[in-house]
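Open your viewer and get ready to select residues by number. The tour goes stop by stop, with something to look for at each one.

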Amino acid sequence: MLSVPYTPETPVTFATILSRSQQGLDAPLVRVEVHVGSGLPAFSIVGLPETVVKESKDRVRAALANCGFELPAGHITVNLAPADLPKEGGRFDLPIAIGILVASAQLPPGPFAATELYGELSLGGELHSIRGVLPTALQGRRAGHAQIFPASNLAEAALARHGRALGAAHLLEVCSYARGMRPLPVAGMPIVGSAVATGMDLADVRGQHRARRALEIAAAGGHSLLLIGPPGSGKSMLAQRLPGILPAMTEDEALETAAVRSLDGRGLRVDEWRQRPFRSPHHTASAIALVGGGGRPRPGEISLARNGVLFLDELPEFDRGVLEVLREPLESGHIVISRAGRQAEFPARFQLVAAMNPCPCGHLGDPAANCRCTPERIAAYRGRISGPLLDRIDLHVEVPRVSTADISSTQPAEHSAAVAARVAAAHARQVERQGRANAHLEGPAAPGAVRAHPAALALLGSAMQRLALSARAYHRVLRVARTIADLVDSDTVCAEHVAEAVTLRQLDRRVAGTPISV
Ligand SMILES: [Zn+2]
């Protein structure tokens with residue numbers, strides 16, 4: 001292949017290759033400029049951090065040599081412009097290598113006009129996959145550019161429905177393409193993939209009628225949920241089944257979610273791109289792991305859970321400071337990360353599900369377990385969750401130990417599909433009425449906006465006094481009641497809907513001095 005000569009009409013010493021950097025979900029354009037000048041042989045890269053430069057130089061040099069090319073004699077200068085953009089090294093290997101080959105007249109420049117190049121090179125010239133392909137492909141399509149990605153990233157690029165995204169597995173394939181000897185495969189249609197994770201059906205959950213009901217309400221209105229129960233009662237099992245009963249994501253929502261996942265170190269599993277995410281960080285997770293950050297800001301768990309579920313098991317065990325940082329994104333739906341003068345904004349519209357034991361030993365109220373937790377210790381344990389955070393959780397519900405009758409029951413439990421159908425209908429009502437889920441109604445839920453009957457408001461007023469509900473809790477109850485009404489296709493929020501919503505705020509009762517009974 002190298003025997004096919006390319007002879008430029010005039011001597012070439014300069015080349016510009018397009019690529020993109022990664023900044024939050026943004027992928028700003030980068031111009032990789034390569035100049036081959038006279039002078040002593042040297043190879044310098046400017047516009048990248050020092051350590052990244054060293055590694056990239058070594059890889060590019062070795063890959064070119066192992067593919068039978070020679071570094072041109074002379075002074076090679078590579079400039080990545082603009083200089084002030086944050087840049088990660090690996091993805092620029094391919095544009096740098098191709099830039100050198102074009103600037104030294106070993107490849108024609110034509111095939112790389114209006115074409116963006118991406119890929120980390122192995123020493124042998126193989127192209128290794130990069131992170132953040134989907135946001136890059138979306139922006140490349142908008143710019144009207146062709147794009148060449150590592151072949152292993154092509155399925156992800158296909159999600160952007162970019163008809164001019166190409167894949168190459170090796171540097172030599174890109175060279176053959178440039179010489180018109182061999183076309184590169186084009187990204188096809190996005191793979192369909194299943195919208196629901198397999199093996200997570202509500203039919204597996206025995207008993208727990210109240211908790212199942214709360215899960216359905218949470219799904220229908222987008223409400224946050226706290227499950228309180230002893231170990232082994234099925235709190236995690238219930239939480240894991242929430243994504244499976246949520247309404248299917250629109251294509252735009254699925255793309256938004258996939259774009260954030262694409263920035264994660266573990267990368268995007270393309271066959272799962274239509275599945276709502278379920279993220280369950282451990283209680284030892286740091287604030288950065290939870291909300292995002294780092295030198296090159298990465299999305300945290302709250303952003304990776306975008307349009308899906310963030311499950312915090314053992315809620316009181318989380319560092320209180322870590323939990324407090326959740327308050328703002330819970331309200332605003334996004335998070336801004338500032339670091340060393342740079343800002344990255346990530347979406348963070350997630351549904352919070354938390355779980356906790358009823359007491360430090362976990363067995364409060366279980367006659368067989370002999371819980372000896374004193375009221376003081378129980379209060380201290382629950383007090384680890386701050387009032388303001390608790391206020392922001394719409395539903396608190398008990399998940400008692402499953403009874404022997406429920407375990408041995410031959411009555412089949414309802415399947416997720418049946419619950420999902422009711423949820424979808426209730427969700428559709430909300431979208432038609434107000435364009436969003438009830439949990440995302442802005443500001444105080446005005447009684448007019450939720451169409452509450454006077455009797456419902458009277459009941460809520462007295463419950464508020466009796467349980468010493470905060471103003472925030474009042475509006476949350478009203479929104480939950482709206483969802484309960486939507487589940488039965490009722491235009492008006494009636495007293496019975498409010499009554500049920502109030503019973504689903506179990507932890508508010510302790511404020512009024514009534515201990516939680518499990
Ligand atoms: Zn206990």
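A residue counts as buried when its relative accessible area is under 20%. Keep that cut-off in mind for the whole tour. The model on your screen is predicted.

**Stop 1: a helix with a buried face**

Select helix 13, residues 375-383. Which of its residues are buried? They are Ile 378, Tyr 381 and Arg 382. Now look down the axis of helix 13. The buried residues fall within an arc of 90°, so they line one face of the helix. Next, add residues 351-356, which are strand 17. Strand 17 is part of what covers the buried residues of helix 13.

**Stop 2: a link just past helix 13**

Select Arg 384, in the loop between helix 13 and helix 14. Then select Glu 317, in the loop between strand 14 and helix 11. The two form a salt bridge, and their closest N and O atoms are 3.6 Å apart. The pair ties together parts that are 67 residues apart in sequence. Are these partners buried or partly exposed? Glu 317 counts as partly exposed because its relative accessibility is 35%. Arg 384, at 37%, also counts as partly exposed.

**Stop 3: another salt bridge**

Pick Glu 173 and Arg 182. They form a salt bridge too, with the closest N and O atoms 3.6 Å apart. Arg 182 has 42% relative accessibility, so it counts as partly exposed. How many salt bridges does the structure hold? The count is 23.

**Stop 4: two helices that cross**

Show helix 6 (residues 209-221) and helix 19 (residues 471-487). Their axes lie 9 Å apart, and the helices pack at an angle of about 95°. That makes helix 6 roughly perpendicular to helix 19. Now light up the contact. From helix 6, select Arg 213, Glu 216, Ile 217, Ala 220 and Gly 221. From helix 19, select Val 480, Thr 483, Ile 484 and Leu 487, which they meet. What kinds of residues make up this contact? Five are nonpolar, two are polar and two are charged.

**Stop 5: a charged network**

Stay on helix 19 and select Asp 486. Add Arg 429, in helix 16 (residues 416-434). This pair forms a salt bridge, with the closest N and O atoms 3.1 Å apart. The pair ties together parts that are 57 residues apart in sequence. Both Asp 486 and Arg 429 are buried. Finish by adding Arg 433, Arg 482, Asp 489 and Asp 491. Salt bridges that share partners join these residues with Arg 429 and Asp 486 into one network.

Key. Residues are numbered from 1 along each chain as its sequence is written. This is a predicted model: local features need pLDDT of at least 70, side-chain atom pairs count only at pLDDT 80 or more; totals for chains, interfaces and linings use all residues. Side-chain values use heavy atoms; hydrogens and water are left out. Axes are lines fitted to C-alpha atoms, for helices over the stretch in contact, and angles run from 0 to 180 degrees between N-to-C directions. Helices (H or I, at least four residues) and strands (E, at least two) are DSSP runs, numbered from the N terminus. Angles under 35 degrees count as roughly parallel, over 145 as roughly antiparallel, 65 to 115 as roughly perpendicular and the rest as oblique. Contact means heavy atoms within 4.5 Å. Ala, Val, Leu, Ile, Met, Phe, Trp, Tyr, Cys and Pro count as nonpolar, Asp, Glu, Lys and Arg as charged, and the others, Gly among them, as polar. Buried means under 20% relative accessible area, exposed over 50%, partly exposed in between (1.4 Å probe, protein chains only). The arc is that of the directions from the helix axis to the C-beta atoms. A salt bridge is a side-chain nitrogen of Lys or Arg within 4 Å of a carboxyl oxygen of Asp or Glu.
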